[in-house]
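Reader: I'd like to go through this one by asking why each label was earned. Can you take me through the reasoning?

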Amino acid sequence: MSRYQHIMAQKEEIVKASVGLDYAHYTTGLLAFDYEKLLADTGYDVTTAADIQRQTAVGNTPLVELKNITELVRATAAPGNGARIFIKDEAANPSGSFKDRRASLSIHEAKKRGYSGVAAATSGNYGAAVASQAAKAGLRCIIVQEAFDSQNIAQPEIAEKTRACEAYGAEVIRLSVGPELFYVFLKVLKDTGYFNASLYTPYSIIGIETLGFELAQQVKELCGRFPDAVITTHAGGGNVTGTARGLRKAGAVDTQMIAASVDLSGLHMASDHDFNRKSFTTGHTGFSMPFSTWPDRADVPRNAARALRYMDRFVTVTQGEVFYITQVLAELEGLQRGPAGNTSLAAAFAIAREMNEDHIVVVQETEYTGAGKHPLAQLNLAKKLGIEISRGDPKDNKPGVRIVIPRAPSQIAVTDVDLPGVRRSYLRHALEHLPSDTTLGAIDLQFLADETRTDLKFVEESIDELHRTAG
Amino acid sequence: MSNFAAKGAWVEIHSKVLPAGERAPQVPQDTQRVPLVMRAKGFLLQAAQVGDDVEIETCAGRHLSGTLVIINPPYTHTFGPPIDELITIGNEVRAILRERSQSQ
Ligand SMILES: Cc1ncc(COP(=O)(O)O)c(C=O)c1O
């Protein structure tokens, strides 16, 4: 047995000890589990989460109306069109992104249960959030990142995350490209006995609910009603899931939840060659497609981020469109903000154009920006690697080959992802995970309907179709 | 810059986690061909020279070993020069807004 297989074989016991949750307890069928109970049994809800977050100045971020960008939308829209665009300035959180909300309950829980430290596998803002929260709680912290390629070229945004984590006193393990990061992470958990502050536990998701909840209340207070649409930058699915749950808990049940990702089709997520050619580290289809179509590929047995349950619409934008809108946000609104939130801003720009003037669209987050974590850093790296940068038609953007910055704001558009197709893909994965010689019972079929936000008819027909094409 | 580091110096180490050929089965060809390597920082537990096998104590208090590669490792990420394709966008969109306010 290789070193790799040896550790991977102990995955279940290591994870169980490190999150202190018995996932098996929630199993209700061959595939089905009681999702709501898994979340409820943590003992936290949106109110207690907000109380805990207030103790570390997390949350209560401003909601800012982007009046100039709205005007720019209207300049490119049919008369009477161009919804009001608001943005939730999550960069105001202590470590600079909504990820502070996501980390807060894990750190609270780790401290309460007497763990001496916390660890997280993340190359993104989440590492800084965990490190920041751990610093305040007096817990040790280890962050494991995928940070550089085989030429030792660091992805600049991740280099900035390394610096931020180290600034908060965390140990940062930086790795070259590959999914074996999980193997290294398991070794860290086994070595240290630390709490696994996974991105995908119920604690993470409940922590994000406060974002949707606050946002709904702020819009209601300002405008007298809930937003018509909330646009969420979508990768692993926690952002969509937590925000949508929070919106519902605030009563905003008719608000459309739109997930937006940067299109990175053609690039392979585990490829050493492609690693530095993505120009984005999150909010892209390299995460959102696999996680939407099968969420249980995370570092815990049952992922509490289950985006397909909450999406009304799923769109993509191009790399060039996001860089363009980032520049517009700075120059028209005086807000220099990081890349991820601007994915949903680019989508909002196009979607607001389709909507009526008195409609309200909310871009649900910003994140901090700075050295490395900035369009200039990404575009300079892209150039160095031979990627062509030009002004032109966003349709000509080709990830890893050509980044096309739109010529005019009227060119910003979204591409709708075929949601029924994503749902069928989820069902295909579900069937692949079905133990052989078993058949789905009523509980499982209902679970699959809930998971795909469809009904029994859709599930049964799709499964029949999958069997026919497979058989 | 000196290649010698005193005990207690803040350094970066490098180590091979998985050799090429022993990577996870699902990784693509290009990644299979290269090792999985790790870099970590900490306080040097014994005086050493760049290239030596050393042990460090990390910020979490763990002892890790590897090859000493950098003494007092710098942060080198930056912005780089302005990008031509971005630099005119502000003026372009301000012109659109000006035109709109004049025609209204
Ligand atoms: C600032 C920011 N926005 C959005 C996302 C995407 O969130 P999720 O992975 O939960 O979909 C991330 C996480 O990677 C992020 O750091």
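Author: Let's start with a cut-off: contact means heavy atoms within 4.5 Å. And keep in mind that this is a predicted model.

Reader: With that cut-off, how many residues of domain 1 of chain A are in contact with domain 2 of chain A, and how many on the other side?

Author: 14 residues of domain 1 of chain A touch 13 residues of domain 2 of chain A. The domain assignment puts domain 1 at 52-96 + 203-416 and domain 2 at 419-470. Their C-alpha centres lie 30 Å apart.

Reader: What area is buried between domain 1 of chain A and domain 2 of chain A?

Author: About 1300 Å², with carbon and sulfur atoms giving 59% of that. On the domain 1 side, A:Trp294, A:Leu308 and A:Arg309 supply 53% of the area buried against domain 2 of chain A, more than any other three residues.

Reader: What makes the pairing of A:Arg306 and A:Glu451 a salt bridge?

Author: The rule wants a side-chain nitrogen of Lys or Arg within 4 Å of a carboxyl oxygen of Asp or Glu. For A:Arg306 and A:Glu451 the N to O distance is 2.7 Å, so the pair qualifies. Across the interface of the two domains of chain A, the rule finds three salt bridges. Polar contacts there come to seven residue pairs. Helix H12 (285-293) and strand E9 (313-317) of chain A each supply at least two residues of the domain 1 side. By class, that side has six nonpolar, two polar and six charged residues.

Reader: Which residues of helix H17 of chain A are buried?

Author: In H17 (residues 442-452) they are A:Asp444, A:Leu445, A:Phe447, A:Leu448, A:Ala449, A:Glu451 and A:Thr452. The buried residues of H17(A) pack against helix H16 (419-432) and helix H18 (456-470) of chain A. After H17(A) comes A:Arg453, with a positive phi near 55°.

Reader: Why is A:Gln133 called buried?

Author: Buried means under 20% relative accessible area. A:Gln133 has 5%, so the label fits. A:Gln133 is found in helix H7 (residues 125-137) of chain A.

Reader: What is A:Gln133 in contact with, leaving aside neighbours within four places in sequence?

Author: The partners are A:Thr56, A:Val58, A:Asp100, A:Ala103, A:Ser104 and A:Ile107. As for A:Gln53, A:Gln133 is 80 residues away from it in sequence and 10.0 Å away in space, C-alpha to C-alpha.

Definitions and conventions
Residues numbered from 1 in each chain as written. Chains lettered and ligands numbered in written order. Predicted model: local features only at pLDDT ≥ 70, side-chain atom pairs only at ≥ 80, totals over all residues. Heavy atoms only, no water. Helix = DSSP H or I, 4+ residues; strand = E, 2+ residues; numbered from the N terminus. Buried < 20%, exposed > 50% of the residue type's maximum accessible area, 1.4 Å probe, protein only. Domains from an automatic or database assignment. Buried area = accessible area lost by both parts, 1.4 Å probe. Polar contact = N/O pair within 3.5 Å; in protein donor to acceptor, adjacent residues only side chain to side chain. Nonpolar A, V, L, I, M, F, W, Y, C, P; charged D, E, K, R; others polar.
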